[in-house]
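Work through the exercises below with the structure open beside you, and try each task before you read its solution.

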Amino acid sequence: MPSLQVFCRAYMQGYGSDQGPWRYRLFPERELRAQILKRCTTDISSDGGCLSTSFQPHIISANDDRSLILDLSFPNGIWSLTAVFDGHGGHETADYLVAELPSFLMAGLSSTMTNVEGVSDALTSAIYDFDEAMKRDFLEIFPEGIDEIATMPEAMVKARVNDQCSGGLNHMKALRCMRGSTILLALVDPTKKHLWVLSLGDGVAVLGSRQDASSQWNASILSDNHNGNNPSEADRIRQQHPDEPECIFDDRILGNLAVTRAVGDHAFKLPATYAEKIFLNVEPGFRVPAAVESFVPRNLSPRYISNFANVRYVDLHAHSIAKEVA
């Protein structure tokens, strides 16, 4: 083990007020490589055409990012799915996407396999349906009207949502809605001639292409930046909430969240009562409750975060050699 130890004071938003000192180790390059390989997981598609790597440097607690490489089997052949889920606030939403989104995609795509023009709408609808289903699962915990929820005793709310002693199903449904995740997804048809790239959030997909092995590579971005520092996204939100000057400031939604489109984040999609009365009473819940408490008064006319994705289509047949990187 390296003998040199470095102490540094830093603040990581979302992980409490402990400002160190935190201990860091300096590794020689050879040992650093070994440590990285030890803490990363890889996945490869069945045809070897796609490789993903996920770095999880903290052994005890993985970060919030997930990836998925999957073959989707349809009557007309195998479709190749690659996705990156950039979770925030916690890992629960990203984990749920890995587990359940493929079934939504299969259901949506099953009726469009012979209609290339319908694939984009099917992908967009699958993401929307996934997020809305997750919201409905949560709302079933509290079927009462919003006025009744507003006056519900705190002890009753906590007892209903913090049900870890009886399996924790309600608790997990709430966490999935409290956390959030962006989506970057690529779908290739069995002929390898058609590519669709779906973006929800601020992930970046780049297509590299060239005419032949001796040609220079060309790169083009296939994703959309759904982020508060994107002027078009900021303008869209301001137009939807014209009488709310604080709907977006400091390039963040309600001064809090950077992305403008995501799955989850229902504290920004439901009336403020749900965040104030329910989400803030989930235990364990938000990493920094004070940050949520600060934007709840600004939540006047939800929704502020969209679950409507953008999809771009690429005719790969026009590229003799093409490579998509997310």
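**Exercise 1.** Find which residue lies over the face of Tyr 96, and state how far from the ring centre it is.

*Solution.* In this predicted model, begin at the ring of Tyr 96 and look over its face, where Arg 176 lies at 3.9 Å from the ring centre. A charge sits over a ring if, among other conditions, CZ of Arg is within 6 Å of the ring centre, and the value of 3.9 Å for Arg 176 fits that distance limit.

**Exercise 2.** Decide whether the rings of Phe 104 and Phe 130 are stacked or edge-to-face, and say which helices they belong to.

*Solution.* By the rule for ring pairs, the count in this structure comes to nine aromatic pairs. For Phe 104 and Phe 130, the ring centres are 5.4 Å apart and the planes stand at 75 degrees, and because planes over 60 degrees apart count as edge-to-face, that is the class of this pair. Next, place the two residues: Phe 104 is in helix H2 (residues 92-109) and Phe 130 is in helix H3 (residues 119-139), so the pair ties together parts that are 26 residues apart in sequence. Finally, look at accessibility, where Phe 104 is partly exposed with a relative accessible area of 26%, whereas Phe 130 is buried with a value of 1%.

**Exercise 3.** Carry out the corresponding steps for Phe 268 and Phe 295, asking whether their rings are stacked or edge-to-face.

*Solution.* The centres of these two rings are 4.4 Å apart with 15 degrees between the planes, and the aromatic pair of Phe 268 and Phe 295 is stacked. Phe 268 sits in the loop between strand S13 (263-264) and helix H8 (272-278), while Phe 295 belongs to helix H9 (residues 289-295), so this pair ties together parts that are 27 residues apart in sequence. Phe 268 counts as buried at 4% relative accessibility, and Phe 295 is buried at 1%.

**Exercise 4.** Describe where Asp 202 is located and which side chain its own side chain meets in a polar contact.

*Solution.* First, locate Asp 202 in the loop between strand S8 (194-200) and strand S9 (206-210). Second, classify Asp 202 by its relative accessibility of 27%, which makes it partly exposed. Third, leaving aside residues up to four places away in sequence, list the residues that Asp 202 touches, namely Thr 182, Asn 225, His 226, Asn 227 and Val 259. Last, among these contacts, pick out Asn 227, whose side chain makes a polar contact (2.7 Å) with the side chain of Asp 202.

Definitions and conventions: Residues are numbered from 1 along each chain as its sequence is written. This is a predicted model: local features need pLDDT of at least 70, side-chain atom pairs count only at pLDDT 80 or more; totals for chains, interfaces and linings use all residues. Side-chain values use heavy atoms; hydrogens and water are left out. Helices (H or I, at least four residues) and strands (E, at least two) are DSSP runs, numbered from the N terminus. Buried means under 20% relative accessible area, exposed over 50%, partly exposed in between (1.4 Å probe, protein chains only). Contact means heavy atoms within 4.5 Å. A polar contact is a pair of N or O atoms within 3.5 Å; within protein, one must be able to donate a hydrogen and the other to accept it, and residues adjacent in sequence count only if both atoms are side-chain atoms. Rings of Phe, Tyr and Trp (its six-membered ring) pair if their centres lie within 6.5 Å; planes under 30 degrees apart count as stacked, over 60 as edge-to-face and the rest as tilted. A charge sits over a ring if NZ of Lys or CZ of Arg is within 6 Å of the ring centre and within 35 degrees of the ring normal.
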